[in-house]
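Work through the exercises below with the model open. Each has a task, then a solution in steps.

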Amino acid sequence: MTMQHACRRTKSVQKENMELDKACHSLPADIDTNGVVRSSRDLPPAHYTFQIKNFSVLFEAEVKNCESGVFEVGGYNWKLVLKTNGKKNSKSHISLYLAIENQNTLSLGWEANVNFRFFVFDQIRNKYLCIQDGRVRRFHNLKTEWGFAQLLSHDTLNDPSNGYIVDDSCILGAEVFVIKGSGRGVCLSMIKQPQTNYFTWRVDNFVVRKNDYYLSDVFIVEGLKWKLGLVYPRGNKATSSDHGFSLSFYLLMADDLEIITPNRKLYAKFKLRIRDQVNSNHLERTIEHWFSKSNVGFGAPTFSLLRDLKDPSNGYLVDDALLVECKIDVISEVKDFSG
């Protein structure tokens, strides 16, 4: 499953969950001390209905567990497990659990993250009691069922006015929302002072150059290819208001861009510098930027006025040669991983 398909599926599940959740809260809800919400709605369960006839026999025969048939939701097989917890008395409750079925056929290390809600049908009012707590439960080899130990008290269940048991028949239900990811991700590391992070470019015949821009040779930092470029001896026409009066200076990712996908960015904190070859009073700027497919270069469109560069007292130009440098202080490293 691609990331795009996974996102669409997750959004679809979330939308369905929100719509049914809204339906569950169409009437005032009751919240107990354990955070379990009990509310009423008209819509039947979206995924499974479990009707039990001769319901009283479960108590008389002291049947501990009553299992439903198997149903499929989200690529997994499920069943409901009802526990009567003894004979009818005022202190006892029935329990209801969602259990994953045929877990032995699933892949090694499987897990399923699930949000679910249970229902008890009020056969008098034709409404459903919706029981949920909104939590996401993780099913795995060591935990194959989750549910509510105190779904309903025996007194509430057997009170004829509630309509939960009519003609000795009880109808339960479930909605199951499996939260699936793409199984993909990335690990982002920030690398401080990477090895071989320094590059010097000697630009000869600076004053007489006529082209709009120039690019340096490629240099490599942490396996990534970079260039110094767009050094405009006569100003950057596209971005500089001082065209013809200032120098523009940029760091660019070179042609090896496969590490940057449309949805991924790469961070760098770097220094751009023009060396003072006489007094060591260098002209320098520290810049940080997230590089991306749509923005592979970044720097200073008005790095320095040309008159300052040409002033012999500043020591930037010696024998009509300019020394420009880049030092990358911090860079991000991204590695893919899959779950």
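**Exercise 1. Cysteines**

Task: classify Cys170 as buried or exposed, then count the disulfides.

Solution.
- Step 1. Cys170 has 1% relative accessibility, so Cys170 counts as buried. Buried means under 20% relative accessible area, exposed over 50%, and partly exposed in between (1.4 Å probe, protein chains only).
- Step 2. Cys326 is buried as well, at a relative accessible area of 0%.
- Step 3. Apply the disulfide rule: two cysteine sulfur atoms within 2.5 Å. The count is zero.
- Step 4. Check Cys170. Its nearest cysteine sulfur belongs to Cys66 and lies 9.9 Å away, so Cys170 is in no disulfide under the 2.5 Å rule.

Ground rules for every exercise: this is a predicted model, in which local features need pLDDT of at least 70 and side-chain atom pairs count only at pLDDT 80 or more, while totals for chains, interfaces and linings use all residues. Residues are numbered from 1 along each chain as its sequence is written, and side-chain values use heavy atoms, with hydrogens and water left out.

**Exercise 2. The chain overall**

Task: state how many helices and strands the chain has, and what share of its residues is buried.

Solution.
- Step 1. Take helices (H or I, at least four residues) and strands (E, at least two) as DSSP runs, numbered from the N terminus. The chain has four helices and 22 strands.
- Step 2. Of the 339 residues, 44% are buried.
- Step 3. Turn to contacts (heavy atoms within 4.5 Å). Among those between residues at least 6 apart in sequence, 65% join residues at least 24 apart.

**Exercise 3. Strand 7 and the core**

Task: find which strands pair with strand 7, then list the contacts of Leu98.

Solution.
- Step 1. Seven of the eight residues of strand 7 (residues 93-100) are buried, so the rest of the structure largely encloses this strand.
- Step 2. Use the pairing rule: DSSP must find at least two bridges between two strands. Strand 6 (residues 76-83) pairs with strand 7 in the antiparallel sense over six bridges. Here Leu82 has Leu96 as its bridge partner.
- Step 3. Strand 11 (residues 145-153) also pairs with strand 7, antiparallel, over six bridges. His93 stands opposite Ser153.
- Step 4. Define a nonpolar core: buried Ala, Val, Leu, Ile, Met, Phe, Trp, Tyr and Cys residues joined through side-chain atoms within 4.5 Å. The largest has 37 residues, and Leu98 is one of those with the most contacts inside it.
- Step 5. Leave aside neighbours within four places in sequence. Leu98 then touches, among others, Phe71, Trp78, Leu80, Val114, Phe118, Trp146 and Val176.
- Step 6. Apart from this core lies another, of 33 residues, including Leu224, Ala268, Ala300 and Leu317.

**Exercise 4. Salt bridges**

Task: count the salt bridges and examine the pairs made by Glu175 and Glu325.

Solution.
- Step 1. The criterion is a side-chain nitrogen of Lys or Arg within 4 Å of a carboxyl oxygen of Asp or Glu. It gives 16 salt bridges.
- Step 2. Glu175 meets Arg41 at 2.4 Å, N to O. Glu175 is in strand 12 (residues 170-179) and Arg41 in strand 2 (residues 37-41), 134 residues apart.
- Step 3. Check burial. Glu175 has 0% relative accessibility, and Arg41 has 1%. Both are buried.
- Step 4. Glu325 bridges to Arg273, with closest N and O atoms 3.1 Å apart. Both residues are buried.
- Step 5. Extend through shared partners: Arg273, Arg275, Glu284 and Glu325 form one network.
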